[in-house]
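Subject: The structure we talked about

Hi there,

Here is the structure I promised to pass on. Please open it beside this message, and have a look around before reading further.

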Amino acid sequence: MGRTMLLGITMVLGVAMPTAWPEAASRPARPETVFKAGWMGNEPTLQVTGRGVKFFKRVGREQVSIRVEVPGDVVQLDANLSGVVRLGRNGRFLQLQMKDAFEANVAKAQKATAGSRALDALEGLVASLEQDERPEAASVRSSFALLHAVRGNAVPSRTLVKPRPAPGNSSVVRTMAASAEGPYACWAEYSSTMYQYNVVFNSCVESYWWIPGWTASCGFQYVLQSELAWFWLISCSGGMPV
């Protein structure tokens with residue numbers, strides 16, 4: 001496992017590439033929502049279409065890229081482990097260093113995304129997936145929390161601080177069988193890593209709840225770590241659990 005610093009807190013995360021890339025597969029979540037998991041090079045991706053919004057995510061070793069689109073409005077976010085955020089709206093971009101002047105950067109992010117129909121539509125999509133425990137739905141909720149944390153709202157981050165159920169059906173086992181790590185080794189490492197992140201996040205919120213904006217900073221760090229850890233699990237396992 002590699003050790004990387006994010007916002008002054010040690011992060012434990014490694015990437016083990018799968019022995020074989022699975023073919024991208026489209027599966028309906030509900031009649032109006034379609035998930036498509038795949039790969040771009042050696043980086044896992046997720047596309048979601050539903051509720052009038054198009055959502056795309058790509059995750060590398062140290063960076064998360066998110067795109068949310070409705071007709072006439074597009075929001076893009078790139079966030080990496082050094083705390084650098086590139087936030088775009090309809091082709092205009094800001095680059096923010098979230099380790100420095102977090103509150104000032106939040107204000108800039110709020111101004112850039114004010115009145116975004118794309119983000120409003122994403123909120124509706126996330127609400128429709130609230131009770132959906134499949135990994136693709138959980139991944140959309142995680143990205144939604146990251147977009148909120150960058151704009152100063154830590155509430156969605158707090159809803160993520162709970163253990164995800166370990167995959168146990170036969171199709172998950174078949175997907176994971178392609179990896180030398182095996183399903184239990186991959187899941188055990190992921191669970192251990194997420195437990196550490198949960199502890200750090202809770203400690204951060206308890207220590208700094210009284211300082212405006214700092215809980216959102218805690219949330220930004222936690223959700224970014226969660227995003228990368230979840231897609232590390234996909235890479236370790238050989239594909240999106242289905």
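Below is what I found, grouped by region.

Before anything else, please keep in mind that this is a predicted model.

**Helices H6 and H7**

Let me start with helix H6, which covers residues 183-208, and helix H7, which covers residues 214-237. Several of the findings sit on these two helices.

How many disulfides does the structure hold? There is one, and it joins Cys204 to Cys218, with the two sulfur atoms 1.9 Å apart. Cys204 belongs to helix H6 and Cys218 to helix H7, so that this bond links distant parts of the chain, 14 residues apart. Which hand does the disulfide have? The torsion about the S-S bond is about -70 degrees, and therefore the disulfide of Cys204 and Cys218 is left-handed.

Are the two cysteines buried or exposed? Cys204 has a relative accessibility of 15% and counts as buried, because the cut-off for buried is under 20%. Cys218 is buried too, at 3% relative accessibility.

The structure also holds one aromatic pair. Its partners are Phe201 and Tyr222, whose ring centres are 4.9 Å apart. The planes of these rings stand at 35 degrees, so the pair is tilted; planes under 30 degrees apart would have counted as stacked, and over 60 as edge-to-face. Like the disulfide, this pair has one partner in each helix: Phe201 is in H6 and Tyr222 is in H7, 21 residues apart. Both Phe201 and Tyr222 are buried.

Three other residues on these helices are worth a click:

- Tyr197 is in helix H6 and is buried, at 3% relative accessibility. Its C-alpha lies 9.1 Å from that of Gln221, although Tyr197 and Gln221 are 24 residues apart in sequence.
- Trp230 is part of helix H7. With a relative accessible area of 4%, Trp230 is buried. From its C-alpha to that of Ser191 the separation is 9.7 Å, and the two residues are 39 apart along the chain.
- Ala216 is also found in helix H7, where it is buried with a relative accessible area of 1%. The C-alpha atoms of Ala216 and Arg151 are separated by 8.0 Å, while their positions lie 65 residues apart in terms of chain separation.

**Helices H2 and H3**

Next, take a look at helix H2 (residues 117-128) and helix H3 (residues 135-150). How do their axes meet? They come within 10 Å and cross at roughly 140 degrees. That angle makes H2 oblique to H3, since only angles over 145 degrees would count as roughly antiparallel. The crossing of H2 and H3 is left-handed.

**Strands and their loops**

Moving on to the strands, there are two residues whose backbone may catch your eye. Arg51 has a positive phi of about 55 degrees, and it is not a glycine. You will find Arg51 in the loop between strand S5 (43-50) and strand S6 (53-59). Is Arg51 buried, exposed or partly exposed? At 46% relative accessibility, Arg51 counts as partly exposed, because that class runs between 20% and 50%.

Asn90 is the other one: its phi is positive as well, at about 50 degrees, and Asn90 is not a glycine either. Where does Asn90 lie? Its place is the loop between strand S9 (84-89) and strand S10 (92-97). Asn90 has a relative accessible area of 44% and is partly exposed.

Those two strands also supply a charge over a ring: Arg86 lies over the face of Phe93, at 3.7 Å from the ring centre. By their numbers, Arg86 falls in strand S9 and Phe93 in strand S10.

Finally, Lys36 is in strand S4, which spans residues 33-40. Lys36 is partly exposed, at 36% relative accessibility. The C-alpha atoms of Lys36 and Gln47 are 5.0 Å apart, with the two residues 11 apart along the chain.

**Where to look first**

If you have time for one view, I would pick H6 and H7, with the disulfide between Cys204 and Cys218 and the tilted pair of Phe201 and Tyr222.

Happy browsing, and best wishes

Conventions:
Residues are numbered from 1 along each chain as its sequence is written. This is a predicted model: local features need pLDDT of at least 70, side-chain atom pairs count only at pLDDT 80 or more; totals for chains, interfaces and linings use all residues. Side-chain values use heavy atoms; hydrogens and water are left out. Rings of Phe, Tyr and Trp (its six-membered ring) pair if their centres lie within 6.5 Å; planes under 30 degrees apart count as stacked, over 60 as edge-to-face and the rest as tilted. Helices (H or I, at least four residues) and strands (E, at least two) are DSSP runs, numbered from the N terminus. Buried means under 20% relative accessible area, exposed over 50%, partly exposed in between (1.4 Å probe, protein chains only). A charge sits over a ring if NZ of Lys or CZ of Arg is within 6 Å of the ring centre and within 35 degrees of the ring normal. A disulfide is a pair of cysteine sulfur atoms within 2.5 Å. Axes are lines fitted to C-alpha atoms, for helices over the stretch in contact, and angles run from 0 to 180 degrees between N-to-C directions. Angles under 35 degrees count as roughly parallel, over 145 as roughly antiparallel, 65 to 115 as roughly perpendicular and the rest as oblique. A crossing is left-handed if the near helix is turned anticlockwise from the far one by less than a right angle, and right-handed if clockwise.
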